[in-house]
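This report goes through the packing, the charged side chains, the aromatic rings and the backbone of one structure, in that order of interest to a modeller. Please keep the sequence and the coordinates in view while reading.

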Amino acid sequence: MGVYSAQVSAIKDILTDSPILNVKKVYEGDFEAIPVYPAISVNLKGRVKTVKGIGGVKETVCTFELWVYSNKPNYSSALQELEDLTEQIEQTIKSNRTLGSLVNEANVDSNAEFGVTDRGGTFLQTALLQLTTKKLGV
């Protein structure tokens with residue numbers, strides 16, 4: 001398994017196995033039609049490789065998008081669900097900062113974006129969190 005897909009799988013597994021996270025399913029990649037809600041999708045957004053120091057230690061920084069979807073019928077209840085879920089995601093990642101020793105560090109950005117999206121003809125309330133990982137290697 002490649003470096004990036006291993007991280008996506010680890011993030012998915014950690015979120016799926018979290019005892020505090022109340023979602024029906026965590027998906028890898030961007031899905032047009034998600035069948036059950038609330039749900040999360042994990043997408044690799046980008047990566048940056050740099051060489052650090054005299055010994056040439058490679059640092060790879062990956063940015064992932066964590067999309068949180070709610071299909072609650074009214075805005076207020078959907079927003080409350082998204083607020084709760086984003087807090088639960090942040091706590092879960094904070095307690096698994098190395099993604100099971102896969103990376104040196106994983107952090108969820110403190111900024112979150114909220115909005116509405118159309119997924120397969122269904123309008124959903126969404127929250128978007130950015131997760132950044134750092135991995136050092138030779």
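## Threonine 86 and helix α2

Threonine 86, when residues up to four places away in sequence are not counted, touches Ala127 and Leu129. The model is a predicted one, and in it threonine 86 is found in helix α2. With a relative accessibility of 6%, threonine 86 counts as buried.

Helix α2, which spans residues 75-94, also holds glutamate 81. Which side chain of opposite charge is nearest to glutamate 81, and how far away is it? That side chain is lysine 72, at 4.1 Å, and glutamate 81 is buried yet has no salt bridge. Because a salt bridge requires a side-chain nitrogen of Lys or Arg within 4 Å of a carboxyl oxygen of Asp or Glu, the 4.1 Å to lysine 72 does not qualify. Not counting residues up to four places away in sequence, glutamate 81 touches Pro38 and Ser70 as well as Lys72.

## Salt bridges

The count of salt bridges comes to two. One joins the side chains of glutamate 59 and lysine 52, at 3.6 Å from N to O, and the other joins those of arginine 97 and glutamate 105, at 4.0 Å from N to O. The table gives the accessibility of the four residues concerned.

| Residue | Relative accessibility | Class |
|---|---|---|
| Glutamate 59 | 14% | buried |
| Lysine 52 | 44% | partly exposed |
| Arginine 97 | 35% | partly exposed |
| Glutamate 105 | 30% | partly exposed |

In the bridge between glutamate 59 and lysine 52, then, the glutamate is buried at 14%, whereas the lysine is partly exposed at 44%. In the bridge between arginine 97 and glutamate 105, the arginine is partly exposed at 35%, and the glutamate is likewise partly exposed, at 30%.

## Nonpolar cores

In soluble globular proteins, nonpolar side chains tend to be buried together. Here the largest nonpolar core has 24 residues, of which Ile11, Leu15, Val42, Ile89 and Leu131 touch the most other members. Two or more residues of this core come from each of α1 (3-17), β2 (39-52), β3 (57-70), α2, β4 (105-119) and β5 (122-137). Its largest share, which is five residues, is given by α1.

Valine 42 shows how such a member is surrounded: leaving aside neighbours within four places in sequence, valine 42 is in contact with Val8, Ile11, Leu15, Val26, Tyr27, Glu28, Gly29, Phe64, Glu65 and Leu66. Apart from the largest core lies another one, of six residues, including Tyr27, Tyr37, Ala39 and Leu124.

## Glutamate 28 in strand β1

Among the contacts of valine 42 is Glu28, a residue placed in strand β1 (residues 25-28). Is glutamate 28 buried or partly exposed? At 37% relative accessibility, glutamate 28 counts as partly exposed. Leaving aside neighbours within four places in sequence, glutamate 28 is in contact with Val8, Ser9, Lys12 and Val42. With serine 9, glutamate 28 makes a polar contact from side chain to side chain, at 3.5 Å. Serine 5 is 23 residues from glutamate 28 in sequence, while the two are 9.2 Å apart in space, C-alpha to C-alpha.

## The aromatic pair

A pair of aromatic rings is described by the distance of the centres and the angle of the planes. The count comes to one aromatic pair. The rings of tryptophan 67 and tyrosine 69 have centres 6.4 Å apart and planes at 15°, so the pair is stacked. The two partners are set apart by their accessibility: tryptophan 67 counts as partly exposed at 22%, whereas tyrosine 69, at 0%, counts as buried.

## Backbone details

Where does the chain carry a cis peptide bond from tyrosine to proline? The bond in question runs from tyrosine 37 to proline 38, with omega near 0°, and proline 38 lies in the loop between β1 and β2.

The loop between α2 and β4 holds leucine 99 and serine 101. Leucine 99 has a phi near 50°, a positive value in a residue other than glycine, and serine 101, which is not a glycine either, has a positive phi of about 70°. Leucine 99 counts as buried, at 3% relative accessibility, whereas serine 101 is exposed, with a relative accessible area of 66%.

Terms used
Residues are numbered from 1 along each chain as its sequence is written. This is a predicted model: local features need pLDDT of at least 70, side-chain atom pairs count only at pLDDT 80 or more; totals for chains, interfaces and linings use all residues. Side-chain values use heavy atoms; hydrogens and water are left out. Helices (H or I, at least four residues) and strands (E, at least two) are DSSP runs, numbered from the N terminus. Buried means under 20% relative accessible area, exposed over 50%, partly exposed in between (1.4 Å probe, protein chains only). Lys and Arg count as positive and Asp and Glu as negative; His and the chain ends are not counted. Contact means heavy atoms within 4.5 Å. A nonpolar core is a set of buried Ala, Val, Leu, Ile, Met, Phe, Trp, Tyr and Cys residues joined through side-chain atoms within 4.5 Å. A polar contact is a pair of N or O atoms within 3.5 Å; within protein, one must be able to donate a hydrogen and the other to accept it, and residues adjacent in sequence count only if both atoms are side-chain atoms. Rings of Phe, Tyr and Trp (its six-membered ring) pair if their centres lie within 6.5 Å; planes under 30 degrees apart count as stacked, over 60 as edge-to-face and the rest as tilted.
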